[in-house]
Amino acid sequence: MLDSVKVVIGGQIKFTYGGIIAFEGGVKDSVAVLSKPGYYGVVKKISSGTSTVFMQKGMDTSDGSIVNTGMYSRPSELFAGATVAISGDELRAVNSNSLIDALKYYVPSFGVSRNNNIGGDPNTLSNVSLRGTNTFPYAATIASNQTGNFGVEVGPSSGDYMASNIMSPGTPVILLDGSQVSLQTISDLDITRIHSVTVLKDASATASYGMRGGNGIIIVKTLKPQRGLLNVGLTSELQIATADLSSYNILDAKEKLDIENKAGLYTGDLGAYYAKRYDQAYNKGTNTAWLQIPLRKGIGMRHSLQLSGGNDDMVYSISAAYNDKEGSMKGSSRKSTELGAYFGGHFKSFTFNNRFSYLGTAASNSAYGPFNNYTKQNPYWSIYDSATGKIQKVLEEVTVGDVTTSYMNPAFNATMATTDALDYSRISNMTNMNFVINEKLQLNGMIGINKQADELNYFLPPNHTAFANVTVDNLFTRGLYRYTSNSFMNVEGGLQLQYHQKFGQHEIYGTAGQNLIQTASESAGFVVQGFNVDRLADVAFGTSYSASKPETGKIVTRYASTFANLVYSYNGRYQLDLSGANDFYSAIGQHAMLFWATGLSWNVNKEHFLEQAKWINQLKIRGSVGVSGNQNFLSYLNRTTYNYFTGIQYIPTGNGTGLIGRGLGAYLTGYANDNLQSPETFKQNLGLDVSLFNNRLALSFDIYKQKTTKLILPDIALPSTGLVTYAYYQNYGSIENRGAEFSASGSIYKATHNNLNWNLRLNGLWNKDKVAEIAPSLLVYNNNSNVVADQTKPQSQYQVGYSPSAIWAVQSLGIDAQTGQEMFLKKDGSTTTIWDANDKILAGDLMPSLSGSFGTDASFKQFSAGIYFSYQLGAKVYNQTLVDRIENADITYNVDQRASTQRWTQPNTTDFLYKKLSVNGLATAPTFATTRMVQKDDKIQCASIMLGYSLPKMWASKIRTKNIGLRCIINNAFEVGGAEMERGIYYPFQRNYTFSLNANF
């Protein structure tokens, strides 16, 4: 029985009390309009003296009783799908800087992997996936011939979710307030605006999305206005980022001189340089801390303000936010500005709202360049010129015979007008409408438009160290300016008919609708060279194109989906859930693609035999099976494409020059496949949801199996066909995923009189990926990985029956104590000292067997605290540090401390792990991909430590505020375990400190 329901009959307005309302006078045959915040409005004709009205909860409830799939909402107890819903407050308690990292803590199947090279760079994105890998990486799916990349845009917009999902094809679809957005857009969003995030995983939850549901769906909802005269919300944060250098162990000046001497560097012409360097290290005390040169404490601020108000008939809000995210490398930053406006209201049975937003971002990369340029510099080199005290360009010049080698100072580049910046502006407008036809039917509609424009400027001045080796003959080719401009526009609309009927012990929910989406993306770019002055950093001062001409790209896609969902429930115990979608997509021709799902659920706790078990609040068994699709492939493969010979013109004999430009020749770049189909993911899921002891303990368990088929890969044409120079794609290959995930959360202690609460949470994922079928193009890819690619590091191999993230290396038998050479085991069982790529075996898997999170939080009176961890077990990693910085190291640069110890020195020694020390290991005795360098990567990371304090309401009221909260969060606090290797090669990983103030007036 609902209280405070507004009921309007004619000119009379009243509110229910105890779920009952009485009107005086004759109201028979009148029309009643019922409304309540958080519920759908109802229009009902009063046909008798007493009427009963059922009101359905709206899609934006936050108490967990409603599952919002983005297409429709269903009571959670009647829903058969596998979903997870997390509130914005829960996310912000773990990480107030990164939505992606916070979401990872609550959803174990949401994989977030950070490339070790890019580390904590604020201007790069992590790779994300849901329930494993179900497709091959982009590099393995593009045609390798000379025309394979034609039609791919030149640096597409960061808001182009179609392009970004092609480059990262395992990324789930992300919806922001109903509109699909890119991972970059959601990462730049002000996290204080987020109301909730819902993750849809299985077939029942995703089938209605048709071709978009194969990788899973992430639904992000932002806050709506609060009713009242005027509500003011203010958040202000101080953000500090520091580099985590705990994985780096390099030599100091004296140690470096010692290892150079042991390696025999100072024989012959180099002998004179030893005395000079010795003087620097021992007499002058030079010991440059190169790792600190490009680093800083990145101090940034984030501020957000929201004003909202309204009543039952109208609500409004305006918001503004600014986020200055400063990285730990000097000059590295990402500054975002947001503006938003919301207006909503209703008239009788018609409800509408309009949401407008602006997002602008200015990203800058450090002029100091990659971090590994500093980790290799010798500590006896000084960054400053001893005569002038200024940063010098050349650290040292070494002459051997007639050859002079100049060692350049990477920090010198930061003294010039070096530029590496990306700016974008995004405007979005979304209008939603709802019309309640009667208490059973309602019609929903939406229309939205998003437009973004990006600009990339990258400038290297002529005195940049990148041009240090340019000869005098090419002097005027120094300097480089790369410019890219692009835009992206997304227009979409949808219409849905919602049905709900309850009669006796039967209940039906139904939804049918149509979605239409069009995307248009354009880009243009060019590279100019030949700059004469460092400070003239404008493209107009270049002398010529670096490439032959500018490049452009334009791609338009259109998508139409008709979907339906039907849920039938008997007595609230047994549910049948049916979903389907019929999709048309411009990238697969004229034929439609059908997707479907069937789900069943059983609320066991509602059975008669458990009526007395009051301690069981929920016991639900659910299962689903179905097929979803995938759009993450190039959108022009069903069209024959060609390009022009712009440098050649054909002029008929004797016609003079009047026809110049009319006779351009064309050549084929891609051949259409009209029968191309969308990849399909067949999903099976069986789950259990349990809630016990007055909801003090919640458990969830799912087992799943998925198989993605009809993957889109390039075809291989025989040379005899004459068709090897253009791209042709077909449906080839498949990948299987199977696994189990669990989640447990409990309230260990709860007291209301002093707000003493203690909660625990644990979750985990066991997942295995397997290549089930490959295409001929992947056989070529595998061969190139063994023949063409760099063999000093492991290269991907895609073989049937093995994980796509497997590590492949030649099996090592260790280093021979007699000779110091590495021994290998060939596939025929014999031993050899000759490394052969054809002897590679499975050496491990980059993906862990078990991963997840655990943590605890507590509160007492106005104080709160929490600590949250992530873990992984069973993962392996190829320790590239042992290769690049020890065995293959060039001793003329700095190396890992282990390079001077545990090296083989003489026969019959046993205390060694690495090959004999040499001046240049890569040149004399290179180490290629070997199982000796594969190590365990089991680890536990402290993802977050949180401390908070809320000002007592009595004190807050004295300064005319509703509440004031203070919070400190440390992210990436520490890590235990893992392989001993350098982490963050081009950009160090970061430890982030956030101090926040939240106030509401």
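Where is the place of F350? F350 sits in strand β18, which covers residues 350–364. This is a predicted model. F350 makes a good entry point, and the wider fold comes after it.

F350 is partly exposed, with a relative accessible area of 31%. It belongs to a nonpolar patch on the surface. The other members are M433, F435, I437, L443, I447, L495 and L497. Together these residues have about 650 Å² of accessible area. Three elements give two or more residues each to the nonpolar patch. They are β21 (419–436), β22 (441–460) and β23 (480–503).

Now step back to the whole protein. It has 12 helices and 49 strands. Along its principal axes, the C-alpha trace spans about 115 × 90 × 65 Å. How does the radius of gyration fit a compact globule? A compact globule of 1001 residues would have a radius of gyration near 30 Å. The protein has 32 Å, which agrees.

The inside and the surface can be described in numbers too. Buried residues make up 49% of the 1001 residues. The protein exposes about 45300 Å². Carbon and sulfur atoms supply 57% of that area. Contacts also reach far along the chain. Take the contacts with a separation of 6 or more: residues 24 or more positions apart account for 70% of them.

S208 gives a view of a buried site. This serine is found in the loop between α5 (203–206) and β13 (217–222). Why does S208 count as buried? Its relative accessibility is 1%, and buried means under 20%. Residues up to four places away in sequence are not counted among its contacts here. S208 touches M71 and Y72. It also touches S561, F563, A564 and N565. S579, G580 and A581 complete the list.

V800 offers another loop to look at. It is found between α9 (776–787) and β38 (806–810). At 47% relative accessibility, V800 counts as partly exposed. Leave aside its neighbours within four places in sequence, and V800 is in contact with V771, A772, E773 and I774. V800 can also be placed against S734. The two are 66 residues apart in sequence. In space they are 9.4 Å apart, C-alpha to C-alpha.

The helix before that loop, α9, deserves its own look. It has 12 residues. At 1.5 Å a residue, α9 should span 16 Å. Its end C-alpha atoms are 17 Å apart, which agrees. Which residues of α9 are buried? They are S777, L778, N782, S785 and N786. What covers them includes β34 (712–714) and β42 (840–845).

Charged pairs come next. A search of the whole structure finds 34 salt bridges. One of them joins D279 and K284. Their closest N and O atoms are 3.7 Å apart. D279 is partly exposed, with a relative accessible area of 24%. K284 counts as exposed, at 57% relative accessibility.

Another salt bridge links E680 and K710. Here the closest N and O atoms are 3.5 Å apart. E680 lies in strand β32 (residues 680–692), and K710 lies in the loop between β33 (697–709) and β34, so the pair ties together parts that are 30 residues apart in sequence. Are the two partners buried or exposed? E680 counts as buried, at 17% relative accessibility. K710 counts as partly exposed, at 28%.

R983 and E975 form a salt bridge as well. The closest N and O atoms of this pair are 4.0 Å apart. R983 is buried, with a relative accessible area of 15%. E975 is partly exposed, with a relative accessible area of 34%. Salt bridges can also share partners. In this way K256, E260, R277 and E396 are joined into one network.

How values were computed:
Residues numbered from 1 in each chain as written. Predicted model: local features only at pLDDT ≥ 70, side-chain atom pairs only at ≥ 80, totals over all residues. Heavy atoms only, no water. Patch = residues over 30% accessible without salt bridge, like charges linked within 9 Å, V, L, I, M, F, W, Y side chains within 5 Å. Areas by Shrake-Rupley, 256 points an atom, 1.4 Å probe, with all protein chains shown as cover. Salt bridge = Lys/Arg side-chain N within 4 Å of Asp/Glu carboxyl O. Helix = DSSP H or I, 4+ residues; strand = E, 2+ residues; numbered from the N terminus. Buried < 20%, exposed > 50% of the residue type's maximum accessible area, 1.4 Å probe, protein only. Rg over C-alpha atoms; globule rule 2.2 N^0.38 Å. Contact = heavy atoms within 4.5 Å. Expected span 1.5 Å × (residues − 1).
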